[in-house]
Amino acid sequence: MGPVIKLIAGSYEQIAFGYRLSTGEQEWTATADFTHHAHTASVSAVATSERYIATGSRDETIQIYDMKKRVEHGALLHHDGTISCLEFYGTSHLLSGGQDGLLCVWSTRNWECLKSIRAHKGQVTSLSVHPSGKLALTVGTDKTLRTWNLIDGRSAFIKNIKQNAVIVKWSPEGDKYVVVVSDKVDVYNLETATLTSTIINPKRISSIKFLTNYILAVAGDDETVRLCDVNTQKVLCEFEAHETRVKSVDSFTMDDFCVLVTASNDGFIKMWKLNLESLEPPVLLGKVNTTARLTCLAVWKPTTLQEPLPEVKTEPTTSHDAKDVLELERKRKRVRISTVEVVQEEDASPKKKKDGGEKKLKT
């Protein structure tokens, strides 16, 4: 029996789709596993962990699905505005960012909101958790890149990038990170926090995915996916993936090759076989037509568990804060976070609430 692999996609039609992959020798097939219409607005973000799938929407809610029990686990109600980004760290935590400027850290054990941080003056457009689980990066419409210490919820570093970034992503080894602004990818070194290279894409970029620590898949407002070397800035391979613009990309590894998954406005999800050593043109393994306008995509493939996120400390309370703490205990909505900020100019360096009971996913 092959590995369990499912493709999860969100759509403008408010529906989350789940497809189960059958990995044949000649052609792969994706069979409809479930559809779920829990949101009342378009689905804007999706993330997966070993057990759970989370979807965020313009309806201000995060829906949680338990893939082990195959039920709707409930809704997280805390953000005011669109949920713009979601990311799990291992099996222990979920991070969310929204239009309200908040960065929230949730425990997957009881779905309590452990931290609610006022991350940006505008919208949080993207977030990424360091492989160690100790740091997170966020970018927002206030034209800043911020580094967060997830142990104490404090801002460790702020960089003025002077433009609105749409994506931020750590490399798999955590020694570098990339920031996407319109049609360019800026690559930064973690140790020095300096810009090391820039990759220019012909069109505005909509999605990226690290395939190795230096090979980055880049997709945008055209039908082409490009594999770029973040060290040399060279395009190693490019291919026409869809008939219209590519909205989202994700990947997973099999025994001896990488599978790149692409989703497009044309409604198709496609699976491509990639040899990351020879970097020959990819082979189409299979495709499925969802007949929907897709917005986001994630692969659910249970793997070896990561180390749990270090224990989140509670902010110390002073007598001056006592009144605020009592108020927070009553409302249970926001957590006061003090920050120590370091600002660097760009030119300076080259309603936790589980809503309803468990419901079976529609198959």
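# Exercises on strands, turns and aromatic pairs

With a relative accessibility of 14%, Ala-193 counts as buried. This residue returns in the first exercise. The model used throughout is a predicted one.

## Exercise 1: Positive phi outside glycine

Determine where Ser-182 and Ala-193 lie in the chain, and decide whether each is buried or partly exposed.

Solution.

Step 1. Begin with the general expectation. Most residues other than glycine have a negative phi.

Step 2. Compare the two residues with this expectation. Ser-182 is not a glycine, yet its phi is positive, at about 55 degrees. Ala-193 is likewise a residue other than glycine, and its phi is positive, near 60 degrees.

Step 3. Locate them. Ser-182 belongs to the loop that joins strand S17 (176-181) to strand S18 (184-189). Ala-193 is found in the loop between S18 and strand S19 (195-200).

Step 4. Assign the exposure. The limit for a buried residue is under 20% relative accessible area, and partly exposed runs from there to 50%. Ser-182, at 37% relative accessibility, is therefore partly exposed, whereas Ala-193, at 14%, is buried.

## Exercise 2: Strand S17 and its two partners

Establish which strands pair with S17, and explain why S17 is described as largely enclosed.

Solution.

Step 1. Examine the S16 side. Strand S16 (residues 167-170) pairs with S17 in the antiparallel sense, over 4 bridges. Val-168 stands opposite Val-179 of S17. The hairpin of S16 and S17 has 5 residues between the strands, and Gly-174 in this hairpin has a positive phi near 75 degrees.

Step 2. Examine the S18 side. S17 and S18 are also paired in the antiparallel sense, over 6 bridges. The bridge partner of Val-179 in S18 is Asp-186. Here the hairpin has 2 residues between the strands, and Ser-182 is the residue with a positive phi, near 55 degrees.

Step 3. Consider the side chains. Lys-176, Val-178 and Val-180 point one way from S17, while Tyr-177, Val-179 and Val-181 point the other way; all are buried.

Step 4. Conclude. Because 6 of the 6 residues of S17 are buried, the strand is largely enclosed by the rest of the structure.

## Exercise 3: Aromatic pairs

Classify the ring pair of Tyr-52 and Trp-111 and that of Phe-239 and Trp-272, and state which parts of the chain each pair links.

Solution.

Step 1. Note the total. A search of the whole structure gives 7 aromatic pairs.

Step 2. Classify the pair of Tyr-52 and Trp-111. Planes over 60 degrees apart count as edge-to-face. The ring centres of Tyr-52 and Trp-111 are 5.2 Å apart and the planes stand at 85 degrees, so this pair is edge-to-face.

Step 3. Place this pair in the chain. Tyr-52 lies in strand S5 (residues 52-57), and Trp-111 in the loop between strand S10 (102-107) and strand S11 (113-118); the pair thus links distant parts of the chain, 59 residues apart. Tyr-52 is buried, with a relative accessible area of 9%, and Trp-111 is buried too, at 2%.

Step 4. Repeat for the other pair. Phe-239 and Trp-272 are 4.9 Å apart, centre to centre, with 55 degrees between the planes, and form a tilted pair. This pair also links distant parts of the chain: Phe-239 is in strand S23 (residues 235-240) and Trp-272 in strand S26 (residues 268-274), 33 residues apart. Both residues, Phe-239 and Trp-272, are buried.

Step 5. Add the cluster. Trp-28, Phe-252 and Phe-257 make up one aromatic cluster. Over the ring of Phe-257 sits the charged end of Lys-273, 4.7 Å from the ring centre.

## Exercise 4: An open sheet

For the sheet with the order S3-S2-S1-S28, identify the strands at the edges and explain what is missing beside them.

Solution.

Step 1. Read the order. The sheet is open, has 4 strands and is paired in the antiparallel sense.

Step 2. Find the edges. Strand S3 (28-36) and strand S28 (294-300) each have a single partner strand, so one side of each is left without a neighbour in the sheet. On average, neighbouring strands of this sheet are turned by 25 degrees against each other, direction ignored.

Step 3. Inspect the pairing at S28. Strand S1 (residues 6-11) and S28 share 6 bridges, and Leu-7 has Val-299 in S28 as its bridge partner.

Step 4. Inspect the pairing at S3. Strand S2 (residues 16-23) and S3 are paired over 8 bridges, with Ala-30 in S3 as the bridge partner of Leu-21. S2 and S3 form a hairpin, with 4 residues between them.

Terms used
Residues are numbered from 1 along each chain as its sequence is written. This is a predicted model: local features need pLDDT of at least 70, side-chain atom pairs count only at pLDDT 80 or more; totals for chains, interfaces and linings use all residues. Side-chain values use heavy atoms; hydrogens and water are left out. Buried means under 20% relative accessible area, exposed over 50%, partly exposed in between (1.4 Å probe, protein chains only). Two strands pair if DSSP finds at least two bridges between them. Rings of Phe, Tyr and Trp (its six-membered ring) pair if their centres lie within 6.5 Å; planes under 30 degrees apart count as stacked, over 60 as edge-to-face and the rest as tilted. A charge sits over a ring if NZ of Lys or CZ of Arg is within 6 Å of the ring centre and within 35 degrees of the ring normal. Axes are lines fitted to C-alpha atoms, for helices over the stretch in contact, and angles run from 0 to 180 degrees between N-to-C directions.
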